[in-house]
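Here is a brief report on a metal site and a run of paired strands. Look over the sequence and the model before reading on.

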Amino acid sequence: MKYCLICHQSINETVTWKTIFYPASMSNVCITCQEQLELIGDVICPKCGRKMPESTLCQDCLKWQESKAYAKLIRSNRSIFTYNSMMQEVMTRWKYRGDYQLKQLFAPYIQKKIKHYNKSTFSIVPIPLTKARQYERAFNQAAVIADMIAEYSKQPIMEALSRKEAVSEKQSKRTRAERIAANNPFFFCKTVKTNVLLVDDIYTTGMTLHHAASQLKAAGCHQVDSFTLIR
Ligand SMILES: [Zn+2]
Ligand SMILES: [Zn+2]
């Protein structure tokens, strides 16, 4: 008997028209739960991969485009799920309650999505947590996602970034670009000469990934793309 990773009900393994349409994770999540996960399809913001009514740049990306220093830091982001209430619940359990097994829920989706990159070579750089956070949470979700990407893409992981313990958020009359630069929590700790795929669990405003990308680019990295579970 198999049990759903999300609701823990036993999974009815008979094939119905639904299992034909949702084959990706039918082995470990029940149909009811799968239906509540909102997958991002083909109609997206071409830059950040957010689900859109039509394929145009989203508001967040238009904002990033305004700043010369940040417009071209990340070539593109791709994500798997929209952040709806179901995904919020799943992430709370994974991140804050340490339900490590939930990674099995993501694995088949990651395996499928990563084919988007299968003609390129790159180093996989997970977004680090601070040491204090990592201790609190027992594991770094971004690193777990990065491990799965490495397995499916056969590309290497490079832990090229570290994270400062705390960054003070000073209010001042600096420009947006200056403020962003001053508050960058990452620093570079390993040279990466290849293209990079930055990995995080969620893309919210894009600030974290842009901070990380700016450090990588400043250190000579040629091209940065990013991948998150959720957008
Ligand atoms: Zn379920
Ligand atoms: Zn966008």
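Two strands count as paired if DSSP finds at least two bridges between them. The model is predicted.

**Strand pairing**

Start with strand 5, residues 196-202. This strand is mostly covered, with 6 of its 7 residues buried. Strand 2 (residues 123-126) runs parallel to strand 5. Strand 6 (residues 224-230) also pairs with strand 5 in the parallel sense. The table lists both pairings with a bridge partner from each.

| Strand pair | Bridges | Sense | Bridge partners |
|---|---|---|---|
| Strand 2 and strand 5 | 4 bridges | parallel | Val125 and Leu198 |
| Strand 5 and strand 6 | 6 bridges | parallel | Leu198 and Ser226 |

Leu198 thus appears in both rows: Val125 has Leu198 as its partner in strand 5, and Leu198 has Ser226 as its partner in strand 6. How does the chain get from strand 5 to strand 6? The path goes through helix 10 (residues 207-218). This β-α-β crossover is right-handed.

**Zinc site**

Now the metal. Which residues coordinate the zinc ion (ligand 1)? Cys4, Cys7, Cys30 and Cys33 do, each through SG, at 2.3 Å. The angles among the 4 donor atoms are 104 to 115°. The site is tetrahedral, because four donors count as such if all angles lie between 85 and 135 degrees. Along the sequence, the donor residues follow the spacing C-x2-C-x22-C-x2-C. Are Cys30 and Cys33 buried or exposed? Both are buried.

Key. Residues are numbered from 1 along each chain as its sequence is written. Chains are lettered from A and ligands numbered from 1 in the order in which they are written. This is a predicted model: local features need pLDDT of at least 70, side-chain atom pairs count only at pLDDT 80 or more; totals for chains, interfaces and linings use all residues. Side-chain values use heavy atoms; hydrogens and water are left out. Donors are N, O and S atoms within 2.8 Å of the metal (3.2 Å for Na, K and Ca); water is not among the atoms, so sites may look incomplete. Four donors count as tetrahedral if all angles lie between 85 and 135 degrees; four count as square planar and six as octahedral if opposite donors are over 155 degrees apart and all others between 65 and 115; anything else is irregular. Buried means under 20% relative accessible area, exposed over 50%, partly exposed in between (1.4 Å probe, protein chains only). Helices (H or I, at least four residues) and strands (E, at least two) are DSSP runs, numbered from the N terminus. A crossover is right-handed if, with the strands pointing away from the viewer, the path from the first strand over the helix to the second runs clockwise.
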